[in-house]
Amino acid sequence: MYKVDLNADLGESFGAYTIGMDSEVLCHITSANIACGFHAGDPVVMEKTVALAKECGVAVGAHPGYPDLMGFGRRNLKIKPAEAKAYIKYQVGALLAFTKAAGVKMQHVKPHGAFYNMAAVDDALAAAICEGIYETDPELILLGLAGSAHIRAAKAAGLRVASEVFADRAYMDDGTLVPRSQPGAMVHDRDLAIARTVRMVKEGCVETITGKTIPIQADSICVHGDNPDAIGFTSRIRAALEAEGVAIANIEQVLAGK
């Protein structure tokens, strides 16, 4: 049987500012990536989001980013591997405090934004991230871009790893995501995005922005929860996958079946 996780980046509100529709999105996903205060989120939001995820039976993961609130963690920062490792420990450790207090086991870590994209192609940065995760808790799973440096680094560090794909993002021929600054980076046709997602899960391949078909491993699908159509889109993806005989389960359960 095919089995896949649905994940979303949540807990990205900050102080008086609300971003996303966390409580609504949580009804449709199986894993939540919770911001840890560097690119978004704050202690109160972190605590609230962990509680919401627990209430909905959704697995919890840390979503650490660059220390860049103004840029929402999407600006490339030049940092040393030792700094990257420290950023990971600091943020994952912060969320671990809230999961422990709530009686929730943290499942995974997924870097955010530029931290994620840069580490996907930078072996040294990816290694530092994975070492930071392992030294914090070796039982955690790295959720990283399918076929990227994330996957290689996690395996080298002794971490379990889940390969992530994106429902509404376009791919380059090398398997990386088309930068948001380039035309065609987002797949706006919802029917096309859903058909691409089903194909990634069942056939293990995706069509790139140039029309080339490349192999891809889909353990988890990222759906974005910060747009007005997020709820409808996420529910439609889930319904389409289930109609195709794909079971929806959290990352731990997906990996357990392999």
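Colleague: How do helix 4 and helix 5 cross, and at roughly what angle?
Modeller: This is a predicted model. In it, the axes of helix 4 (residues 113–121) and helix 5 (residues 123–136) cross at roughly 120° and come within 6 Å. That makes helix 4 oblique to helix 5.

Colleague: Left-handed or right-handed crossing?
Modeller: Left-handed, for helix 4 and helix 5.

Colleague: Which residues make the contact?
Modeller: From helix 4 you have Phe-115, Met-118, Ala-119 and Val-121. Helix 5 brings Asp-123, Leu-125, Ala-126 and Ile-129.

Colleague: And how many of those are nonpolar, polar or charged?
Modeller: Seven are nonpolar, none are polar and one is charged.

Colleague: What about Asp-122, where does that lie?
Modeller: Asp-122 is in the loop between helix 4 and helix 5. With 34% relative accessibility, Asp-122 counts as partly exposed.

Colleague: What does the side chain of Asp-122 reach?
Modeller: The backbone nitrogen of Leu-125, at 3.1 Å. Leu-125 is also one of the helix 5 residues in the contact with helix 4.

Colleague: How far apart are Asp-122 and Val-254 in space?
Modeller: They're 27 Å apart, C-alpha to C-alpha, and 132 residues apart in sequence.

Colleague: Okay, switching to helix 6. Which of its residues are buried?
Modeller: Helix 6 covers residues 149–157, and its buried residues are Ala-149, His-150, Ile-151, Ala-153 and Ala-154.

Colleague: What do those pack against?
Modeller: The buried residues of helix 6 pack against helix 4 and helix 5, plus strand 5 (141–145) and strand 6 (160–166).

Colleague: What goes on at the start of helix 6, and what follows the helix?
Modeller: At the start, a side-chain oxygen of Ser-148 gets to within 3.1 Å of the backbone nitrogen of His-150. After helix 6 comes Gly-158, which has a positive phi, near 90°.

Colleague: New topic: His-39. Where is that one?
Modeller: His-39 sits in the loop between strand 2 and helix 2 (43–56).

Colleague: Buried or exposed?
Modeller: His-39 counts as buried, because its relative accessibility is 1%.

Colleague: Which side chains does His-39 make polar contacts with?
Modeller: There's a polar contact of 3.0 Å with the side chain of Glu-12. The side chain of His-39 also makes one with the side chain of His-112, at 3.4 Å.

Colleague: What else does His-39 touch, leaving out residues up to four places away in sequence?
Modeller: Besides Glu-12 and His-112, His-39 touches His-63, Gly-65, Tyr-66, Asp-68, Leu-69, Phe-72 and Gly-73.

Colleague: And Asn-33, where is its place?
Modeller: Asn-33 is in strand 2 (residues 31–35). Its relative accessibility is 0%, so Asn-33 counts as buried.

Colleague: Which side chain is joined to Asn-33 by a polar contact?
Modeller: That of Asp-9, at 2.8 Å. Setting aside neighbours within four places in sequence, Asn-33 has further contacts, among them Asn-7, Gly-61, His-63, His-108 and Leu-143. You've met His-63 already, in the list for His-39.

Colleague: Last one: Val-25. Which helix does it lie in?
Modeller: Helix 1 (residues 22–25). Val-25 is buried, with a relative accessible area of 1%.

Colleague: How far is Val-25 from Ile-221?
Modeller: In sequence, Val-25 and Ile-221 are 196 residues apart, while in space they're 14 Å apart, C-alpha to C-alpha.

Technical notes: Residues numbered from 1 in each chain as written. Predicted model: local features only at pLDDT ≥ 70, side-chain atom pairs only at ≥ 80, totals over all residues. Heavy atoms only, no water. Axes fitted to C-alpha atoms, helices over the stretch in contact; angles between N-to-C directions. Helix = DSSP H or I, 4+ residues; strand = E, 2+ residues; numbered from the N terminus. Parallel < 35°, antiparallel > 145°, perpendicular 65-115°, else oblique. Left-handed = near helix turned anticlockwise from the far one by under 90°. Contact = heavy atoms within 4.5 Å. Nonpolar A, V, L, I, M, F, W, Y, C, P; charged D, E, K, R; others polar. Buried < 20%, exposed > 50% of the residue type's maximum accessible area, 1.4 Å probe, protein only. Polar contact = N/O pair within 3.5 Å; in protein donor to acceptor, adjacent residues only side chain to side chain.
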